[in-house]
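Here's a walk through the fold for anyone about to work with this protein at the bench. Have the structure open and follow along.

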Amino acid sequence: MISYNHTHKMLVQRIKQRLEEELGDTYDYWIDTEKIAGGITKAVNEAIQQSDIVLVCTSEAFEESEYCKIECEKVLKHKKKRIQLKMESYKPKENSQIQQFFGDDYFIDFSKKSRYDDKIKDLIRVIKQLEK
């Protein structure tokens, strides 16, 4: 599953497409613009429950979104492995949910477009490490 704020929809779709190209059908890449049955809330809940790894695409807009906060809470509740992808250069607010959710965990910085290919390789490496 990929959790994100729609501010970064184009970049997230590009990342998803690249993962599909590189990893094939090894994974199911759920995103809220497809595979929705029974309404968005139900679909997101099911996607979180069925996911082994959740990609959390953080940004200032993500941090401020109540809906994104709810998704994070559900990811924690279901104890899902997660990878933080920073969509823009920003620092989470101190004691914010995102700060508490990730702390100083490793993140992959997609804010610098010139390093996109390197970041995709980093993401694939981390996904493969987490699946072990």
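## The sheet

Strands β3 and β4 (residues 107–109) run parallel and are joined by 3 bridges. One of the pairs you can pick out here is Lys86, which stands opposite Asp109 in β4. Keep in mind that this is a predicted model.

Zoom out and you get an open sheet of 4 strands in the order β1-β2-β3-β4, with parallel pairing. The edge strands are β1 and β4, since each pairs on one side only. As a general reminder, strands of a sheet pair through backbone hydrogen bonds, either parallel or antiparallel.

## β2 and its neighbours

Now look at β2, residues 53–58. Toward one neighbour, β2 pairs with strand β1 (residues 2–3) in the parallel sense, over 2 bridges. If you want a landmark there, Ile2 stands opposite Leu55 in β2. Toward the other neighbour, 6 bridges join β2 to strand β3 (residues 81–86), and these two run parallel as well. Val54 stands opposite Arg82 in β3, and Thr58 has Lys86 in β3 as its bridge partner. So Lys86 turns up twice: it is the partner of Thr58, and it also stands opposite Asp109 in β4.

How many of the residues of β2 are buried? The count is 6 of 6, so the strand is mostly covered. In a regular strand the side chains alternate between the two faces of the sheet. In β2, Ile53, Leu55 and Cys57 sit on one side, Val54, Val56 and Thr58 sit on the other, and all of them are buried.

## Cysteines

How many disulfides does a search of the whole structure find? It finds 0. The cut-off for calling one is a pair of cysteine sulfur atoms within 2.5 Å. For Cys57, the closest cysteine sulfur is in Cys68, and at 9.7 Å that is too far for a bond. Cys68 has its closest cysteine sulfur in Cys72, 7.1 Å away, which is again too far.

Are Cys57 and Cys68 buried or exposed? Cys57 has a relative accessible area of 2%, so it counts as buried. Cys68 is buried too, with a relative accessible area of 4%.

## The largest pocket

The largest pocket holds about 500 Å³ of space. It is lined by 21 residues, and the closest to its centre are Met1, Asp28, Ser51, Asp52 and Ile53. Ile53 is also one of the buried residues of β2.

Which elements supply at least two residues each to this lining? They are α2 (40–50), β2 and α6. Of these, α2 gives the most, with 4 residues. By class, the lining has 13 nonpolar, 2 polar and 6 charged residues.

## The enclosed cavity

There is also 1 cavity of 30 Å³ or more in the structure, with about 40 Å³ of space in it. Its lining is made up of Leu11, Arg14, Asp109, Phe110, Lys112, Lys113, Arg115, Tyr116 and Lys119. You have already met Asp109, the β4 residue that Lys86 stands opposite.

Helices α1 (9–23) and α6 (116–130) each supply at least two residues of this lining. The lining residues divide into 3 nonpolar, no polar and 6 charged. Helix α6 is worth a second look, as it also supplies at least two residues of the lining of the largest pocket.

## A loop residue with positive phi

Lys79 lies in the loop between α4 (66–77) and β3. Its phi is near 55°, a positive value in a residue other than glycine. Is Lys79 buried or exposed? With a relative accessible area of 75%, Lys79 is exposed.

## How confident is the model?

The protein averages a pLDDT of 86, and 92% of the residues score at least 70. Where is confidence lowest, and where is it highest? The lowest is in helix α5 (residues 97–102), at a mean of 71, and the highest is in α1, at 94. That same α1 helps line the largest cavity.

Key
Residues numbered from 1 in each chain as written. Predicted model: local features only at pLDDT ≥ 70, side-chain atom pairs only at ≥ 80, totals over all residues. Heavy atoms only, no water. Buried < 20%, exposed > 50% of the residue type's maximum accessible area, 1.4 Å probe, protein only. 1 Å grid on protein atoms, 1.4 Å probe; cavity = no way out; pocket = protein on both sides within 12 Å on 5 of 7 lines; lining within 4 Å. Points joined across faces, edges and corners; volume = space filled by probe spheres on them. Nonpolar A, V, L, I, M, F, W, Y, C, P; charged D, E, K, R; others polar. Pairing = 2+ DSSP bridges. pLDDT = per-residue confidence, 0-100.
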